[in-house]
Amino acid sequence: MKHALLIIDVQNDFCPGGSLAVTDGDQIVSGINDIMNDFDYVILTQDWHPANHSSFASNQNADPFSVIDMPYGPQVLWPDHCIQGSFGSALHEDLNTTRADLIIRKGQNPGVDSYSAFFENDRTTATGLHGYLTERSVSKVTLVGLATDYCVNFSAQDAVKLGYETHVRIDLCRAIDLDGSLDQARSDWNALGIGTS
Ligand code: VGL
Ligand code: ZN
């Protein structure tokens, strides 16, 4: 039974100075580096959008942080961020990537956002991560990264629903916190049996 560390979206655009900066997003990097050796596998994700992505407010003639209805449900519209190959899409330079066994890129389909490391926001298109973990006998995952209430949250909820023993190191995450999204995430985690510390 193996234990994987899932490091979600520790990218320049989610750190101070980035286009969708999360307060103190860069403050978690050294703590994440410090725990990498405690895991059998280390998996990183990168939000990786084309410039015409439908989750960008600029492509919808709408204001950032407003919500629209997509065929798959409500979608928050974001400032342009993590455009494939841009500086903002790069992993934070201090993050130790030497230990990474796998880097998953998500959000490439212009018509569907992808918060979770496991499924796109249509909740059916898989990223392949579940297959990777299953084939390597991983039964337990610990999540860290950005942002607590979006990509970490969606990834943790999918993980527990897929049957992984799931733990979030909240001290190694930082949140966007739109309209109570952080409190909502924490109560959902309690209800689902996701551990936190
Ligand atoms: C994220 C909003 C849009 C995240 C990604 O990494 O939490 N949030 N894209
Ligand atoms: Zn995104």
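**Exercise 1.** Work out how the lining of the largest cavity divides by class in this predicted model.

*Solution.* Start with the space: the structure holds 1 cavity of 30 Å³ or more (points on a 1 Å grid where a 1.4 Å probe fits but cannot get out; lining residues have an atom within 4 Å of a point). About 90 Å³ of space lies in the largest cavity, a volume being what probe spheres set on the points fill. Next, pick out its lining: there are 14 residues, and Phe14, Leu20, Asp47, Tyr115 and Cys151 are the closest to the centre. Now sort by class: 9 are nonpolar, 2 polar and 3 charged (Asp, Glu, Lys and Arg are charged; Ala, Val, Leu, Ile, Met, Phe, Trp, Tyr, Cys and Pro nonpolar; the others polar).

Residues are numbered from 1 along each chain. Local features here need pLDDT of at least 70, while side-chain atom pairs need 80 or more.

**Exercise 2.** Place serine 89 and decide: buried or exposed?

*Solution.* First find the loop: serine 89 sits between strand 4 (73–76) and strand 5 (102–106), strands being DSSP E runs of at least two residues. Then check the accessible area: at a relative 1%, serine 89 is buried (under 20%; exposed is over 50%, with a 1.4 Å probe). Now look at the neighbours: leaving out residues up to four places away in sequence, serine 89 touches Gln11, Asp13, Gln46, Asp47, Trp48, Cys82, Ile83 and Gln84 (heavy atoms within 4.5 Å). Finally, zoom in on isoleucine 83: its backbone oxygen lies 3.3 Å from a polar atom of the serine 89 side chain.

Terms used. Chains lettered and ligands numbered in written order. Heavy atoms only, no water. 1 Å grid on protein atoms, 1.4 Å probe; cavity = no way out; pocket = protein on both sides within 12 Å on 5 of 7 lines; lining within 4 Å. Helix = DSSP H or I, 4+ residues; strand = E, 2+ residues; numbered from the N terminus. Polar contact = N/O pair within 3.5 Å; in protein donor to acceptor, adjacent residues only side chain to side chain.
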